[in-house]
Amino acid sequence: MFGNLFEEEEEDGGGFFSSTSSGGRAAKGGDEPPPPRGRSNLCGIKNQGGTCYLNSLLQTLLFTPEFREELFSLGPEELGCLEDKEKPGAKVRVIPLELQRLFASLLLVDQQSASTADLTDSFGWNSSEGTNQHDVQELNRILFSALEHSLVDTSGSTLIHRLYHGTIVNSIVCKECGNVSQRQEDFLDLTVCVCGMSSLEEALWNMFVEEELFEGNNLYRCAQCDKLVTAAKSAKLSKLPPFMTVSLLRFSFDFAKCERYKETGRYSFPFTINLRPFCEQTDAEDSDYSYELFSVIIHKGGCYGGHYHVYIRDIDQLGQWEPPEEERKPKTQKKVKEEDKEVCEPKVQEDDPLSVLTAVIAQEPSKSVLVDQLGQKLMTMIGSSWSKKFRKQFGPIGKFLQSHSDVFMLVSNGTRVALKANLPSPVSEPPSPAEQTTNSDPSTPSDPGAAEPQPGLDQKPQPEQEQGSHWFDLNDSTVTSIRESDIEKQFQGKESAYMLFYRKTQLHRPREALNNPQYKVPLHLIQLAQEKNLKLQQMREKFEATNNTVELRLHLAPSYRLENGALQPISKEQDGSTTLSFDRRKTVGDLRLAIYQMHELWEGDMALTVAKSLPAGLHLYNTIIDDSISLYSAGIQTNSDLFVWNGREVCGATVLTGAEWEPVLLTVVRPFLGEDGEQEVEDPVDCEEGKGGFKDGGTGLKKETRGFAGGSTLGEVKEVLGEPKESLLCQEHKRGEQGAGEGGGASGWRLFPPADMQRTLKELSLKDGDTLLVLEPQSFDSSMFTLNGDVVTVTTPSDCRWLQVEFRPHGGGGAIEEGEKDEERKKIKVPATGNMVQSTVSDRWTAQGNSFHQLFLHFTVGTVPSAGMEMDIIVESTCTVKECLKSMLDAVGLDGTCWHLRRLDWCEEIGEPLMDEGFLKLSVWLYLDPRNNSAVSMETNFDHTDNGHAEEEMPEVVSGGEPRGHSPPLCASSVAELTSVGQVQISDEATLEDLKTQVLTLPALQDMCMPTTAFMRVWQLEGQRLARILRGHQLTLRKLKLTSGTDLCVQQLLKEEDLGPKEVLLNVKMGVPGERCYYSAEELVWDASRDSSPRSLRTCLAAHYGLSPDSLLLAKHQPDKHTWEEISNWNLLIDNNRDFVTLEDEQGQQRLREQAEQRRKGWDFFFDYIISCDTTTLCQGQAGGSDGAGPQKKTGQTKSRKPEVALSINVGVFR
């Protein structure tokens, strides 16, 4: 009953003609309207959580035409009006009225599923009743009883009795005198035994043919003989109802185990059955005893819970049956007759567009083509596109279709094109109930004659032998076609038949009822259906327009110039872009026309090129040249960047497009010696890198950021920089250890060989943020630069950052303890550079050491002081920590409340925060992704012995390296290696972005290449397992519910990520065809904010892999159990033949079974010991009581279950 992994509730629009839906929950899809009917053209029923048993029975009653029409024949004069049900004294028969509305909704309203909330409200059920599981056989009796009481004193008071009532005659015959004692028994359904039986016929034979003898100790007292005699008991069917309901006793009770169980053995039943052998009167015609099966309610699960669905035969041909998907293969096309092939494959005149398009549409099985796919199919047929062959002469393909409206017509809301002479077949494009209802005349009476087809219409009824022979599976909201052979699969197993519904073969349906859902539906319900369909259509059009509107950023060429290999805005104040909202279902030509209208002064050609903003600037990729395709087909999504230009140049400069010319933003470093050797380093906060600007990289170096085309060679880069040919270029060298010395700022650079001058930046794997050092040959004459092979070492005077000065006061005579001497000594840290004279150091110490009322403090922003980044401040010794912190922040021009102070001892070890209140101490771990081994090279040897490994739960981690065994990586949970990188201390008012920034300052992560904090993902650990992703860059740590001592894990990403609150990170694996294994896992972000149903998940995965949503089977992995949980959907049933379990899963399940067996044996020993002790005690307490203390049976722990609640339906008094 709870088969779906995700709950699908779309209450909006689900109820029929109802302004309130008190019984249902709000739709998760927000304002999304309910989807229209599927290919079957039949409507399902929503599951309120546990009402699948009700849905199955209601669908059976709906597809019992005689019951449905009898119910519709009761008018408001007998039942009353629902609008009057709250009026005092009004007798409104709510249950039949709500049932009428539900049936009308299922027949006429164009929606995928209807709601039973109003009907269950009329039953008197509360919200919890919709989630309780009940037995459908019990509901059948209670619902019929409720209808009988609701229809008292109406023309329908005998409805149930006339259709379902039958009688059984029980007879006992005395073997001595021959006296016959009879008793008549009424029934609405026959309950037959399953246990010990192999078929329905055998069970009926045992009930109504075989006799039960009363003999031996079980004698019968004959009233005529007045003594105990031998007798025979038998039963016969006396009266047969038009509809025979058979309830199978699948659930039995095991008295040995004292528990219920379900009979899952094979139990067959016929499609047609003759009940003559089981009847009392056998002289009538065969047709009076002949029944045919039309509904099978199926139960899947055990005796304490499960799920119901129903197989139903469409007697009135209301649905559009099509072969199951696995049968709709190309092999079926081989059976097409030769004359049909000539029609489907007309002779194509490739120079005539009308002939070509007609042939393209005619060759499709559905006789229609999606408008977006028409151009591609045309190219496949003639080998040339519409734009190249026909556009100049005939214009865009859309206008050509419109100009030939006598041949072509748009269907399915304009998304498909079909031939007027050959409209889409019912198999692929069934007419919706909305069209049937809208086109009907509401003034026409709803009697059979009114529904009779008009003469002259091209309507060909199906042959008589095919009438009502198609079966459908109605599984809550899902309706699919099935074969009769599929019913035989329900003879046995955990998913098996539970109730059978037969109808007399004498019951024939009138011709006018076929394919006519309005047949005998009251006029007022038809009108309400029309209004509902109109409202749904408006909702869908509005939703489609909103859902298909994309926000485009248009970049106009006159606002840009080409600089440093990328396009830069001419005006620094304006970015040169314009936002445009556009329907992605429209064509590129429509977009071009809209841009022309926006910019009337545009002259010349207009090219639309997909662009992307990179760190170096705006770069252009592919140009969209086909005006006939839609934006969706062109791959244009929301927030896409489009560059509008002439397709050749921008401001006279030729622009190189494509991925191979992506610009790279590099940092160029040159030697620089300041005039004053003691000059202070610029404030580190104010030294922001600007594009094309310089930054003081410390005394001795200057930095400049420049952009270069990725396809440029290194030699061309040197020319752009204006460097002579003999100059040298170096790349920063990543070494295994940091620079030597406590104050060492020396860095290593690798010299590019001459052969690399002809290689491009892409070939050299240079990326944004990389640094190039430009040196001239005479630079090695300076002591700053040292060449050792191809490695250049740069050592600047700023490597010396401070000196530790110790003052030892002159002591007088006498003995002074050593501890007192240490207290009198003063150690002061004095800023100093490599070329500072001693007198300056002395002056600085004097200025600090002689201040008694002021403190001279050194501070730096970040973790440990870097070269030249330390600053000084003088504060009063009486000021508070907060005041001191504010003064430091004012000095460097920072604000905010996320900063704090920490002590720094003489060896630069960071101590505890000076203010503990409101601060968090968080341990940080690094997740080493096995699929991205080059994520970060750890330069410090960490101790892995205490860290161990952690298994990730969501997403599931599977190695992307070499597969284990002889197959790709399986879906078992793999180990994710976690390495400790240190701790951070931060205010709980800091944002997540502040936390990421501070994490990047940890020494172990200094060499991690990360352009922005958006390239970092932060996990919260629970027991060394990845538990949840911290999301929301501007959320404070307090709102994220982080506490001191929490373990965090950081993961480097290859692209920016900003997950929203409803975005789900999935670890997806695609199965290898024909093998029990999966390809390597990949991460996928699913936006569940609009719709969190399985349908949305399936659509997301289908779009990612380029597959049809109906062809996907999904399952969620349970790594702890090594099992897979299938994810069902409203438009797809689970394929029971598909086994998701891999060999590794089977091995894991075997290990779990072995562990459980070992635990059981241990408990057996424990219980045996306890029982043995208890038995010994009893023997000692009772004389000769050893016989009375027998062995005690160990009883296992039974699973606790909710108490069963009786099913009831409240009915008013109408007598």
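**Note on a predicted model**

1. Start with Ala1004. Its relative accessibility is 14%, so Ala1004 counts as buried. Buried means under 20% relative accessible area, exposed means over 50%, and partly exposed lies in between (1.4 Å probe, protein chains only). Ala1004 sits in the loop between helix 22 (992–999) and strand 48 (1016–1021). Helices (H or I, at least four residues) and strands (E, at least two) are DSSP runs, numbered from the N terminus. The C-alpha atoms of Ala1004 and Val981 are 5.8 Å apart, with their positions 23 residues apart along the chain.

2. Some ground rules. This is a predicted model: local features need pLDDT of at least 70, side-chain atom pairs count only at pLDDT 80 or more, and totals for chains, interfaces and linings use all residues. Residues are numbered from 1 along each chain as its sequence is written, and side-chain values use heavy atoms, with hydrogens and water left out.

3. Now the whole chain. The protein chain has 24 helices and 54 strands. Of its 1215 residues, 44% are buried. Take the contacts (heavy atoms within 4.5 Å) with a separation of 6 or more: residues 24 or more positions apart account for 69% of these.

4. Is helix 1 (residues 52–62) enclosed or open? Here 11 of the 11 residues are buried, so helix 1 is largely enclosed by the rest of the structure. Among the buried residues are Cys52, Asn55, Gln59 and Thr60.

5. Thr60 of helix 1 has a partner. The side chains of Ser295 and Thr60 make a polar contact at 3.0 Å. A polar contact is a pair of N or O atoms within 3.5 Å; within protein, one must be able to donate a hydrogen and the other to accept it, and residues adjacent in sequence count only if both atoms are side-chain atoms. Ser295 belongs to strand 14 (residues 290–302). Its relative accessibility is 0%, so Ser295 counts as buried. Neighbours within four places in sequence aside, Ser295 touches Thr60, Val310, Tyr311, Ile312, Trp471, Met499, Leu500 and Phe501.

6. Next, helix packing. Two packed helices are described by the angle between their axes and the distance between the axes. Axes are lines fitted to C-alpha atoms, for helices over the stretch in contact, and angles run from 0 to 180 degrees between N-to-C directions. Angles under 35 degrees count as roughly parallel, over 145 as roughly antiparallel, 65 to 115 as roughly perpendicular and the rest as oblique.

7. How do helix 4 and helix 6 cross? The axes of helix 4 (residues 94–108) and helix 6 (residues 136–150) come within 8 Å and cross at roughly 115 degrees. Helix 4 is therefore roughly perpendicular to helix 6. On the helix 4 side, Ile95, Pro96 and Leu99 meet Ala146, Leu147 and Ser150 of helix 6. This contact has 5 nonpolar residues, 1 polar and no charged. Ala, Val, Leu, Ile, Met, Phe, Trp, Tyr, Cys and Pro count as nonpolar, Asp, Glu, Lys and Arg as charged, and the others, Gly among them, as polar.

8. A second pair follows. Helix 10 (residues 353–362) packs with helix 11 (residues 371–382) at about 105 degrees, and their axes are 10 Å apart. That makes helix 10 roughly perpendicular to helix 11. Helix 10 contributes Val356, Leu357, Ala359, Val360 and Ile361, and helix 11 contributes Leu374, Lys377, Leu378, Met381 and Ile382. The split is 9 nonpolar, no polar and 1 charged.

9. On to charges. Side chains of opposite charge can pair when their charged atoms come close. A salt bridge is a side-chain nitrogen of Lys or Arg within 4 Å of a carboxyl oxygen of Asp or Glu. How many salt bridges does the whole structure hold? A search finds 32.

10. One of them joins Glu66 and Arg503 (3.0 Å, N to O). Glu66 is in helix 2 (residues 65–72) and Arg503 in strand 21 (residues 495–504), so far along the chain that 437 residues separate them. Both Glu66 and Arg503 are buried. A network of salt bridges links Glu66, Arg68, Glu69, Asp316, Arg503 and Arg509.

11. Another pair is Arg1076 and Glu1146, whose closest N and O atoms are 2.4 Å apart. Arg1076 is in the loop between strand 51 (1063–1068) and strand 52 (1082–1087), and Glu1146 is in helix 24 (residues 1143–1181), 70 residues apart. Arg1076 is partly exposed at 36% relative accessible area, and Glu1146 is partly exposed at 33%.
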